[in-house]
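Biologist: Before we discuss this predicted model, I should like each descriptive term to be justified. Please set the computed values against the cut-offs.

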Amino acid sequence: MYKSWGWSNVRERKEEDEERGEKEWGEDTAVISPQDPTLLIGSSLQATCSVHGDTPGATAEGLYWTLNGRRLPPELSRMLNASTMALALANLNGSRQQSGDNLVCHARDGSILAGSCLYVGLPPEKPFNISCWSRNMKDLTCRWTPGTHGETFLHTNYSLKYKLRWYGQDNTCEEYHTVGPHSCHIPKDLALFTPYEIWVEATNRLGSARSDVLTLDILDVVTTDPPPDVHVSRVGGLEDQLSVRWVSPPALKDFLFQAKYQIRYRVEDSVDWKVVDDVSNQTSCRLAGLKPGTVYFVQVRCNPFGIYGSKKAGIWSEWSHPTAASTPRSERPGPGGGACEPRGGEPSSGPVRRELKQFLGWLKKHAYCSNLSFRLYDQWRAWMQKSHKTRNQVLPDKL
Amino acid sequence: MDLRAGDSWGMLACLCTVLWQLPAVPALNRTGDPGPGPSIQKTYDLTRYLEHQLRSLAGTYLNYLGPPFNEPDFNPPRLGVETLPKATVNLEVWRSLNDKLRLTQNYEAYSHLLCYLRGLNRQAATAELRRSLAHFCTSLQGLLGSIAGVMAALGYPLPQPLPGTEPTWAPGPAHSDFLQKMDDFWLLKELQTWLWRSAKDFNRLKKKMQPPATAVTLHLEARGF
């Protein structure tokens with residue numbers, strides 16, 4: 001009678017139905033008690049399936065139970081009376097799906113008489129690790145970590161709440177899942193100069209839990225957009241340098257703050273980034289010590305430091321889109337010139353030049369963006385290359 | 001559709017004859033308005049696409065409801081689903097539907113089904129499932145628009161919902177979660193059946209709307225080919 005059928009066999013199924021005639025079902029047939037209970041993991045459940053007396057021949061005889069489609073062993077059930085079959089479940093596991101375990105009472109012929117959804121789980125644990133940031137002081141986005149237990153068996157609802165410290169009214173965040181499953185975005189109406197109190201409430205059928213309160217001032221958690229218009233270009237013919245230029249993020253230009261920047265760069269095929277730290281309030285930088293004839297990817301990010309006179313750092317922006325540029329190829333020495341390494345190819349330097357090189361090398365390492373030393377170094381390098389070609393060993397006058 | 005051998009021969013013979021006869025036939029108006037043909041084709045294509053989309057959505061949703069709902073031989077009683085528009089219809093009745101009625105039934109069915117789908121407010125469903133449902137509703141809305149387009153092209157009025165008869169499949173307060181799951185199950189099933197049927201409906205309409213050359217073919221057929 002109950003042929004196996006998939007979605008494609010619906011038509012045959014329909015014809016069967018019409019032959020049989022529609023069955024009456026519902027409160028007239030049977031009822032399971034309790035209906036849709038909520039239980040703690042490990043607890044027990046006593047359930048009953050009561051057949052209504054109206055239907056001729058209605059008896060609890062031959063009834064059986066299934067839980068999530070699996071027939072339960074007969075020793076767990078017993079007939080309480082002629083029309084009621086009881087079930088005893090012990091030590092319940094967490095629900096198989098968040099929509100509830102399906103406990104079904106079947107007639108002898110397998111037809112479904114009644115059903116009840118069991119919700120078995122744990123109350124939620126305290127969410128923790130709330131972190132928030134404000135983009136250009138216009139909004140606030142917060143993220144948190146859920147407590148570990150009870151989250152998977154029952155559906156847990158998270159609610160991010162916030163209020164101004166001395167103003168008493170609780171507000172609820174409404175835009176969830178903006179940056180991942182446990183996040184919320186407050187798009188507007190944020191006040192400055194007064195701290196906010198922020199917390200997360202986790203609720204499920206078995207109870208609720210509240211995180212610790214995070215107090216923060218919007219001005220302390222400001223981030224901004226990555227610097228736009230990042231350009232990377234060669235420095236004349238210098239084969240180991242690239243010049244990076246960018247624009248300060250426009251969104252914060254009306255606010256009093258000092259931007260800090262960070263630059264990172266890597267060789268095309270590598271995954272290791274080199275970071276240039278501590279680039280303060282300038283919009284260009286020269287990278288040196290690079291490999292000639294190599295493609296580099298460069299990114300810049302910004303930190304709105306000291307907004308409105310605060311002494312604190314803000315939050316780093318995202319990195320700008322990678323910009324690529326390549327260093328010029330190294331010039332090969334003339335025929336019979338020896339090794340092809342551009343530096344190694346230099347004729348053996350006198351001690352003064354060696355010292356100078358070391359000095360400038362040190363300067364370069366410790367002050368990437370110091371323009372003064374670079375000007376000097378540039379001149380020296382350019383001169384070195386020229387003199388290398390003509391094999392001239394004389395030092396420039398300026399030195 | 002299975003063509004019997006006789007039909008194939010007949011059609012082939014007719015086609016050849018038509019090609020011969022064409023110069024003698026008064027010039028057919030091939031340029032200008034293509035008629036409702038393309039939009040019927042589009043509607044047909046949409047039903048196939050939705051059928052495919054539903055298979056995936058239903059699979060996920062039924063897994064969310066949990067066994068036995070997602071088992072292939074699941075056969076629950078049909079409780080309280082009388083308000084669902086039924087796709088099942090007697091074959092002769094279906095065949096004899098006139099175009100207007102055929103289109104109207106489709107339009108009304110999907111209006112109701114869309115409404116119920118939107119109300120499928122499973123609080124506990126995952127965000128991903130809610131997104132899939134929303135996406136499907138949008139596609140279904142597209143199908144409704146497409147059917148409306150065909151009806152307009154053929155000059156049929158769109159069925160207007162009578163005030164007060166808005167489909168409300170709102171369960172009573174005593175409606176248990178398990179019964180709700182059954183309602184969801186039957187909604188998806190009926191939707192599947194309707195899409196299956198609509199493909200046949202629009203295929204039939206498509207054939208009826210063939211360009212006038214067909215009329216010539218049929219006329220020749222009558223001469224004993």
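Biologist: Why is F178(B) called buried or exposed?

Modeller: Buried means under 20% relative accessible area. F178(B) has a relative accessible area of 1%, and therefore counts as buried. F69(B) also has 1% and is buried.

Biologist: What makes the rings of F69(B) and F178(B) a tilted pair?

Modeller: Rings pair if their centres lie within 6.5 Å, and planes neither under 30 degrees nor over 60 degrees apart count as tilted. The centres of F69(B) and F178(B) are 5.6 Å apart and the planes stand at 55°, so this pair is tilted. The two residues are 109 residues apart, with F69(B) in the loop between α2 and α3 of chain B and F178(B) in helix α6 of chain B.

Biologist: Why are F69(B) and F185(B) also described as a tilted pair?

Modeller: Their ring centres are 6.3 Å apart and the planes lie at 55°, so the pair is tilted. F185(B) belongs to helix α6 of chain B, so the pair ties together parts 116 residues apart in sequence. At 2% relative accessibility, F185(B) is buried. One aromatic cluster comprises F69(B), F74(B), F178(B), F185(B) and W186(B).

Biologist: How do you know that the length of helix α4 of chain B agrees with its number of residues?

Modeller: At 1.5 Å a residue, its 20 residues should span 28 Å; the end C-alpha atoms are 29 Å apart, which agrees.

Biologist: What makes N98(B) a cap of α4(B)?

Modeller: A side-chain oxygen of N98(B) lies 3.1 Å from the backbone nitrogen of K100(B), at the N-terminal end of α4(B). The cut-off for a polar contact is 3.5 Å, and the value of 3.1 Å satisfies it.

Terms used:
Residues numbered from 1 in each chain as written. Chains lettered and ligands numbered in written order. Predicted model: local features only at pLDDT ≥ 70, side-chain atom pairs only at ≥ 80, totals over all residues. Heavy atoms only, no water. Helix = DSSP H or I, 4+ residues; strand = E, 2+ residues; numbered from the N terminus. Expected span 1.5 Å × (residues − 1). Polar contact = N/O pair within 3.5 Å; in protein donor to acceptor, adjacent residues only side chain to side chain. Phe/Tyr/Trp six-rings, centres within 6.5 Å; stacked < 30°, edge-to-face > 60°. Buried < 20%, exposed > 50% of the residue type's maximum accessible area, 1.4 Å probe, protein only.
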